[in-house]
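Subject: The structure for you to look at

Hello,

Here is the structure I promised to pass on to you. Please open it beside this email, and then read on for what was found in it.

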Amino acid sequence: MPKEELIRELFEGSPKRRRLAAEDLAEYRDEQTISALFRAMAEDKNGGVKEVCAESLKRIGGESVIKGAVEALKGEDPLAKALCLDILAHFGEDSIAHLSALLESPDYNDRKYALDALAAIGGGKAMEIILAMTKDPNPNVRYTATEYLADFPKDPKVTQTLKDLLQETDDPYGISTICQVIRSRKEAELLPDLSDKVRHVTDPFIKHWLYKAMVALNGTDHLLDALENALEIRAVEDILKDMILAKGEIPPEAKGFLREKGIELEERLLKEGL
């Protein structure tokens with residue numbers, strides 16, 4: 001079927017014919033075809049059609065496809081955006097050079113789109129850029145970059161960056177984000193830094209996030225302090241769940257604290273702690 005007829009089918013045919021047209025268009029590698037596939041991926045209401053468009057774009061490849069995927073990251077359709085990230089990840093580090101406009105944009109949303117792409121691409125080069133973006137002046141970008149550090153392998157550069165962020169950050173959202181990443185990466189080297197931070201914090205909710213990270217890393221020095229703080233903000237069950245996950249049981253000193261305070265646990269939580 002001629003290219004022009006396939007493009008017409010891509011937008012006017014039944015779902016099945018649109019999928020077939022999208023698949024057959026992979027044989028054409030010109031700008032008109034690439035543009036049509038990106039448009040269909042963004043506009044078509046059928047997820048299957050969108051996915052075939054993405055697969056055809058990956059088969060076509062080249063700089064125009066990578067540039068098109070970067071630009072399409074700004075679209076509103078969540079599936080189309082996810083497929084663009086998949087396209088960029090498919091071409092790996094070749095995609096990174098085309099993210100510079102987003103990375104340098106004054107619009108923080110553009111910088112976040114670039115972060116999404118870098119996280120999907122992965123690898124050492126992407127990690128270096130994400131590490132640098134933890135110093136972005138916008139907190140949305142800064143903490144999104146921090147969240148993405150959770151996905152990278154153990155690396156002293158990541159550990160040092162988390163240490164620096166922990167020392168420099170005082171707002172609740174920032175602390176909670178950093179602590180969640182420390183927990184998920186099991187950065188036990190940062191236990192002394194968490195301990196030092198909690199001594200200089202007065203907000204009990206911020207303290208709670210710090211204690212949760214310490215407990216998750218199997219820290220034993222602050223269990224009772226963590227429970228006292230959790231009692232103040234009515235989050236005792238939350239910290240106990242972390243203790244159970246870290247130790248496989250509710251520690252004896254925690255049980256003694258609960259008895260002393262006259263706290264009765266739900267049967268469900270007791271069973272988890274056995």
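A residue is called exposed when its relative accessible area is over 50%, buried when that area is under 20%, and partly exposed in between. Arg234 is a good place to try this out: its relative accessibility is 81%, so Arg234 counts as exposed. You will find Arg234 in the loop between helix 15 (223-232) and helix 16 (236-247).

Before going further, please keep in mind that this is a predicted model. The mean pLDDT of the protein is 93, and 96% of its residues reach 70 or more. Confidence is highest in helix 4, at a mean of 98, and lowest in helix 18 (residues 267-272), at 52.

Two residues with a positive phi

Most residues other than glycine have a negative phi. Arg234 is not a glycine, yet it has a positive phi of about 60°. Lys186 is not a glycine either, and its phi is positive too, at about 55°. Where does Lys186 lie? Lys186 sits in the loop between helix 12 and helix 13 (191-199). With a relative accessible area of 61%, Lys186 is exposed, because the cut-off for that word is over 50%.

The aromatic pair

How many aromatic pairs does the structure hold? There is one. In general, a pair of aromatic rings is described by the distance of the centres and the angle of the planes. For the rings of Tyr143 and Tyr173, the centres are 5.6 Å apart and the planes stand at 70°, so this pair is edge-to-face. The reasoning step is that planes over 60 degrees apart count as edge-to-face. The pair links distant parts of the chain, with Tyr143 in helix 10 (residues 139-148) and Tyr173 in helix 12 (residues 172-185), 30 residues apart.

Are these tyrosines buried or exposed? Tyr143 has a relative accessible area of 2% and is buried, whereas Tyr173 has 45% and is partly exposed.

Asp171 also belongs in this part of the story, since it touches Tyr143 and Ile206 when residues up to four places away in sequence are not counted. Asp171 lies in the loop between helix 11 (156-168) and helix 12, and its relative accessible area of 31% makes it partly exposed. Asp171 and Ile206 are 35 residues apart along the chain, while their C-alpha atoms are separated by 8.0 Å.

A buried residue in helix 12

Helix 12 also contains Val181. At 3% relative accessibility, Val181 counts as buried, because that value is under 20%. Which residues does Val181 contact, leaving aside its neighbours within four places in sequence? They are Thr146, Glu147, Leu149, Ala150 and Leu162. Val181 and Leu162 are 19 residues apart along the chain, and their C-alpha atoms are separated by 8.4 Å.

Two pairs of helices

Next, please look at helix 5 (residues 63-72) and helix 6 (residues 78-90), whose axes come within 9 Å and cross at roughly 145°. Their crossing is left-handed. Helix 5 brings Val65, Ile66, Ala69, Val70 and Ala72 to the contact, and helix 6 brings Cys84, Ile87 and Leu88. By class, this contact has eight nonpolar residues, no polar ones and no charged ones.

Helix 8 (residues 108-121) and helix 9 (residues 123-133) pack at an angle of about 145°, with their axes 8 Å apart. The crossing of helix 8 and helix 9 is left-handed as well. Here Arg111, Leu115, Leu118, Ala119 and Ile121 of helix 8 meet Gly123, Ala126, Ile129, Ile130 and Met133 of helix 9. By class, the contact has eight nonpolar residues, one polar and one charged.

One more stop

Finally, try Gly47, which is found in helix 4 (residues 47-60). At 25% relative accessibility, Gly47 counts as partly exposed. Gly47 and Lys3 are 44 residues apart in sequence, and their C-alpha atoms are 23 Å apart in space.

Enjoy exploring, and do write back with any questions.

Best wishes

Methods
Residues numbered from 1 in each chain as written. Predicted model: local features only at pLDDT ≥ 70, side-chain atom pairs only at ≥ 80, totals over all residues. Heavy atoms only, no water. Helix = DSSP H or I, 4+ residues; strand = E, 2+ residues; numbered from the N terminus. Buried < 20%, exposed > 50% of the residue type's maximum accessible area, 1.4 Å probe, protein only. pLDDT = per-residue confidence, 0-100. Axes fitted to C-alpha atoms, helices over the stretch in contact; angles between N-to-C directions. Left-handed = near helix turned anticlockwise from the far one by under 90°. Contact = heavy atoms within 4.5 Å. Nonpolar A, V, L, I, M, F, W, Y, C, P; charged D, E, K, R; others polar. Phe/Tyr/Trp six-rings, centres within 6.5 Å; stacked < 30°, edge-to-face > 60°.
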